[in-house]
Amino acid sequence: MILHSHSLIMERTLVIIKPGAIKRDLIGEIIHRFERKGLQLCGIKMMKLNDEILDEHYEHLKGKPFFQRIKDSMMKTPVVVCCWKSVDCVRIVHDMAGCTNGRQAAMGTIRGDYSVSVQENIVHTSDTVENANIEIARFFREEEIFEFNQLSPTVLYAEDEF
Ligand code: ADP
């Protein structure tokens, strides 16, 4: 069997459960999906976002007509930020979220199942390993990320997969 080495790296990624999901009582539902998949939770907290952190987080959208609106939407309630870990975690979590537009996202994805909007699309998930590392550092202090073995890796992976 040929194993692609890029898929064997233990990664961490960031998820933000957005105000739209907080208002609709979907926190547990979203966390449950990642838990059931087999991802390990290594950090979680509720926080109120401000203009400064959102300017940084959505820098790539500066200049878009909806830039201020998306920031306002992210400040409507506190959000829940969480950090998940697994082999290939960034791609897995990004795929589980589905594409940006909730109306187009595949059924079975979080956005596909819970969103009918481009903007109000329930979760943020990191899109690359590089961005995941930057985003985890943006939202968590080092001591808020925990390293522990929840399960023996042999429960979740074959011996040559971790
Ligand atoms: P993603 O979150 O899927 O990585 P982007 O980084 O392009 O997507 O955009 C960040 C967030 O900005 C989206 O999740 C969504 O909430 C909002 N957004 C993106 N495009 C639009 C749009 N055309 N109109 C309104 N909000 C948008």
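**Figure 1. Elements that line the largest cavity of the predicted model.** In this predicted model, α1 (19-23) and α4 each contribute at least two residues to the lining of the largest cavity. The largest share of that lining, three residues, belongs to α1. The volume enclosed by the largest cavity is about 40 Å³. The count of cavities of 30 Å³ or more comes to one.

**Figure 2. Residues that line the largest cavity.** The wall of the largest cavity is formed by Lys 18, Pro 19, Gly 20, Ala 21, Ser 73, Met 74, Gln 119, Glu 120, Asn 121 and Ile 122. By class, the residues of this lining divide into four nonpolar, four polar and two charged. Lys 18, Gln 119 and Asn 121 appear in the lining of the largest cavity and also among the residues around the ligand.

**Figure 3. The largest pocket and its lining.** The largest pocket holds about 580 Å³ of space. Elements giving two or more residues to the lining of this pocket are α3 (51-57), α4 (67-74), β4 (123-125) and α7 (129-139). Among these elements, α7 gives the most, with four residues. In total, 27 residues line the largest pocket, and Tyr 58, His 60, Leu 61, Thr 100 and His 124 lie nearest its centre. The lining comprises eight nonpolar, 11 polar and eight charged residues.

**Figure 4. The ligand and its surrounding shell.** The largest pocket is the site in which the ligand sits. Around the ligand are Lys 18, Tyr 58, His 60, Leu 61, Phe 66, Arg 69, Ile 70, Thr 100, Arg 111, Val 118, Gln 119 and Asn 121. This shell consists of five nonpolar, four polar and three charged residues. Tyr 58, His 60, Leu 61 and Thr 100, which belong to the shell, are also among the lining residues nearest the centre of the largest pocket.

**Figure 5. Polar contacts between the protein and oxygen atoms of the ligand.** For Thr 100, a polar side-chain atom is placed 2.5 Å from an oxygen atom of the ligand. The side chain of Arg 111 has an N or O atom 3.1 Å from an oxygen atom of the ligand. At Gln 119 the contact involves the backbone, with an N or O atom 2.8 Å from an oxygen atom of the ligand. Of the 530 Å² of accessible area that the ligand has on its own, the protein covers 78%.

How values were computed:
Residues are numbered from 1 along each chain as its sequence is written. This is a predicted model: local features need pLDDT of at least 70, side-chain atom pairs count only at pLDDT 80 or more; totals for chains, interfaces and linings use all residues. Side-chain values use heavy atoms; hydrogens and water are left out. A residue is near a molecule or strand if one of its heavy atoms lies within 4 Å of it. A polar contact is a pair of N or O atoms within 3.5 Å; within protein, one must be able to donate a hydrogen and the other to accept it, and residues adjacent in sequence count only if both atoms are side-chain atoms. Accessible areas come from the Shrake-Rupley method with a 1.4 Å probe; for residues, only the protein chains shown count as cover. On a 1 Å grid over the protein atoms alone, a cavity is a set of points where a 1.4 Å probe fits but cannot get out, and a pocket is an open set with protein on both sides within 12 Å along at least five of seven lines; lining residues have an atom within 4 Å of a point. A molecule sits in a cavity or pocket if more than half of its atoms lie within 2 Å of its grid points. Ala, Val, Leu, Ile, Met, Phe, Trp, Tyr, Cys and Pro count as nonpolar, Asp, Glu, Lys and Arg as charged, and the others, Gly among them, as polar. Grid points are joined across faces, edges and corners, and a volume is the space filled by probe spheres set on the points.
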